[in-house]
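Hi,

Here is the structure I promised to pass on to you. Please open it next to this email, and then read on for what I found in it.

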Amino acid sequence: MSATAQHIEQARQLLGQVPWFQALPEEARDALLAGCEAQELLGGNVLFFEGETSDSAYLVLSGCLGAFRSGERGPLLVGQIVMGETVGELGVLTQRPRNASVRALRDSEVLRLPAAHLEAVGAQYPQALVGLSRLALRRATEPRAQQYHDATPRTIALLAQSAGVDLIAFAQSLATALSRFGSVRLLDARQAGWPSAQYLAVESESRFVVYVADGNDPEWRSQCRRQADAWLLVARAAAQATGDAEILTPHEASVVPPPEHLVLLHDEKPRLGAGRRWHGMREHAHLHHVRHGGDIARLCRLLCGQSLGLVLSGGGARGFAHIGVIKALREAGFEIDSVGGTSIGGVIGAGIAADWSVEEMTEVFRRCFYDTNPLSDYTFPFISLVSGRKASRLLQEAFGSRDIEDLPLPYFCVSSNLTTGQAAVHRQGPLWEWLRASIAIPGILPPVLKNGQVFVDGGVINNLPVDVMRQHHQGEVIAVDIGGNYVLKSAIEEVDLPPFWQLATEWFRKRRRPKLSQILLRAGMVNSGAAALEARELSTLLLTPPLDDIDLLEWKSFYRAIDRGYQHTLRIVGGRRDVLSEAASLL
């Protein structure tokens with residue numbers, strides 16, 4: 001259909017917000033928009049197919065499009081194109097076939113810019129195509145995986161999954177928290193029956209539109225699902241999970257489902273077992289626990305890509321410095337929204353994800369590591385120096401029977417799967433058991449044998465898993481590396497061990513060789529060195545407390561390591577929350 005005055009005006013405003021077109025004079029913008037046509041796309045409709053002739057570029061006026069490329073298992077979603085962005089310009093400028101298929105992820109409107117028209121305008125106003133050429137050049141030189149992006153949702157559907165959910169009250173709390181990032185409009189069953197143009201107009205006027213599927217109208221519930229960039233599936237944690245929630249209509253089944261967020265409402269503390277029970281019904285959904293307004297604020301930060309992720313490395317007894325880092329970050333006003341780690345970093349991170357205070361973490365980990373050496377239950381070294389029973393018992397006492405899905409904050413820990421030769425990321429299952437796998441130093445602690453596979457310390461493969469955090473986290477990331485600069489030295493030069501009697505005399509002369517436990521621990525970390533260097537580059541802010549004088553198994557340095565982490569972080573952040581945005585600007 002031809003572009004109306006409203007379409008043209010909206011397109012003119014959008015072009016004025018896009019850096020590539022801001023320098024265009026008004027007459028060039030008018031010439032560019034003249035002769036264009038508006039096009040409506042229902043959710044699931046294809047705009048163009050991969051391999052087709054590139055005869056037009058498109059400006060998204062409203063809604064959201066998905067770019068797909070052919071894969072071994074069918075079309076693969078590689079990114080999204082949202083309001084104010086263009087698509088198809090690269091093929092037009094290079095006169096090459098489409099390199100991806102594009103279709104509407106929900107009801108959308110686009111403005112078609114025919115190639116012939118672009119050429120005619122370019123002949124009259126050469127500068128009109130400069131911005132488009134810059135965009136095409138930028139996309140052409142980017143890695144294939146980065147040519148599109150995961151968009152922050154503009155439209156959100158609230159869908160109750162159990163009885164007793166006050167969806168209106170939750171929507172109001174969500175809107176209040178979202179308003180920090182832009183204007184919010186709530187639409188409920190009273191707006192059912194609007195023409196699609198009216199919904200699109202509301203979306204154009206507001207930064208966020210929240211569709212509240214209240215009531216029992218199936219048509220309205222379907223409309224909410226179809227209009228949404230993201231689904232928030234809201235349930236009472238105490239309610240029974242059912243398997244028939246959100247059965248899609250035939251029309252909806254043809255559309256790529258948007259990201260799902262499973263929101264469990266708790267009265268006070270998270271109900272143990274509820275996370276696994278509900279998440280088992282929607283395994284691909286992101287899980288969120290909501291107890292109070294702070295949790296809703298965290299949910300909004302995660303939705304908007306404005307959250308803060310924290311990644312903690314392994315490093316044995318040096319890991320207590322993580323507690324000091326947390327103390328300093330919290331004092332400076334940093335709000336940690338998700339956390340992950342390896343080995344001792346995974347253990348400390350689990351305390352953060354459990355929403356423990358610094359005092360609680362200090363007390364719990366003091367009992368586990370300072371009051372008693374967790375590696376002192378020596379055994380005949382068939383596969384390890386210690387039996388591991390003591391470490392397992394201490395972890396069970398610290399974290400109880402909770403699952404990873406029970407933790408209030410999104411969390412993961414990393415172990416190394418020796419069966420597959422790859423890092424294993426644990427986001428669900430018994431917390432203490434996967435922590436035990438994550439700290440299973442080869443040769444010192446026995447591996448965890450589960451489902452026919454062998455799991456050992458995550459530091460063998462990935463000691464600073466910033467890459468894992470980046471896979472599900474669009475915001476900023478602080479990484480704390482307490483093991484990357486560990487150096488194992490010896491003051492003795494030899495090839496073979498001397499006789500036992502000579503070893504005994506050297507003991508009294510204070511000649512020290514590296515201990516077997518030190519050698520095994522260091523050997524298990526060597527291969528992850530290159531990965532740690534890459535992880536440092538992926539982080540927004542890297543913290544490396546000075547811990548050279550603390551050995552990896554020096555448990556009695558508990559308080560000294562905490563203080564080192566605290567003082568180092570204070571020097572870096574200086575009590576300023578904006579230090580993170582400054583670091584991000586340097587990436």
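**A serine and its partner**

The side chain of S338 makes a polar contact with the side chain of H473, at 3.4 Å. Keep in mind as you look that this is a predicted model.

Where does S338 sit? It is in strand β16, which covers residues 338-342. Is S338 buried or exposed? With a relative accessible area of 6%, S338 counts as buried, because buried means under 20%. Once the neighbours within four places in sequence are set aside, S338 is in contact with L308, G309, L310, P410, M469 and H473.

**The strands around β17**

From β16 you can step across to β17: these two strands run parallel and are joined by 4 bridges. One place to spot this pairing is G341, which stands opposite C413 in β17.

Strand β17 spans residues 411-417, and 7 of its 7 residues are buried. Try colouring its two sides separately. On one side you will find Y411, C413, S415 and N417, and on the other F412, V414 and S416; both faces are covered.

β17 has other partners too. It pairs with β18 (residues 422-426) in the antiparallel sense, over 5 bridges. The hairpin formed by β17 and β18 has 4 residues between the strands, and G421 in this hairpin takes a positive phi near 75°. β17 is also joined to β20 (residues 453-457) by 3 bridges, again running antiparallel.

S415 is a handy landmark here. It stands opposite A424 in β18, and it also stands opposite D457 in β20.

**A helix further along**

Next, have a look at helix α21, residues 558-573. Its 16 residues reach 23 Å from the first C-alpha to the last, close to the 22 Å expected at 1.5 Å a residue. Which residues of α21 are buried? They are F558, A561, I562, G565, Y566, H568, T569 and V573. As you go through them, remember that an α-helix has 3.6 residues a turn, so residues three or four places apart point the same way. Right after α21 comes G574, whose phi is positive, near 55°.

**The whole protein**

Now zoom out. The protein has 22 helices and 22 strands, and 54% of its 587 residues count as buried. Among contacts with a separation of 6 or more, 76% are between residues 24 or more positions apart. The accessible surface comes to about 26400 Å², and carbon and sulfur atoms account for 52% of that surface.

Enjoy exploring!

How values were computed: Residues are numbered from 1 along each chain as its sequence is written. This is a predicted model: local features need pLDDT of at least 70, side-chain atom pairs count only at pLDDT 80 or more; totals for chains, interfaces and linings use all residues. Side-chain values use heavy atoms; hydrogens and water are left out. The expected span of a helix is 1.5 Å times one less than its number of residues. Buried means under 20% relative accessible area, exposed over 50%, partly exposed in between (1.4 Å probe, protein chains only). Contact means heavy atoms within 4.5 Å. Accessible areas come from the Shrake-Rupley method with a 1.4 Å probe; for residues, only the protein chains shown count as cover. A polar contact is a pair of N or O atoms within 3.5 Å; within protein, one must be able to donate a hydrogen and the other to accept it, and residues adjacent in sequence count only if both atoms are side-chain atoms. Two strands pair if DSSP finds at least two bridges between them.
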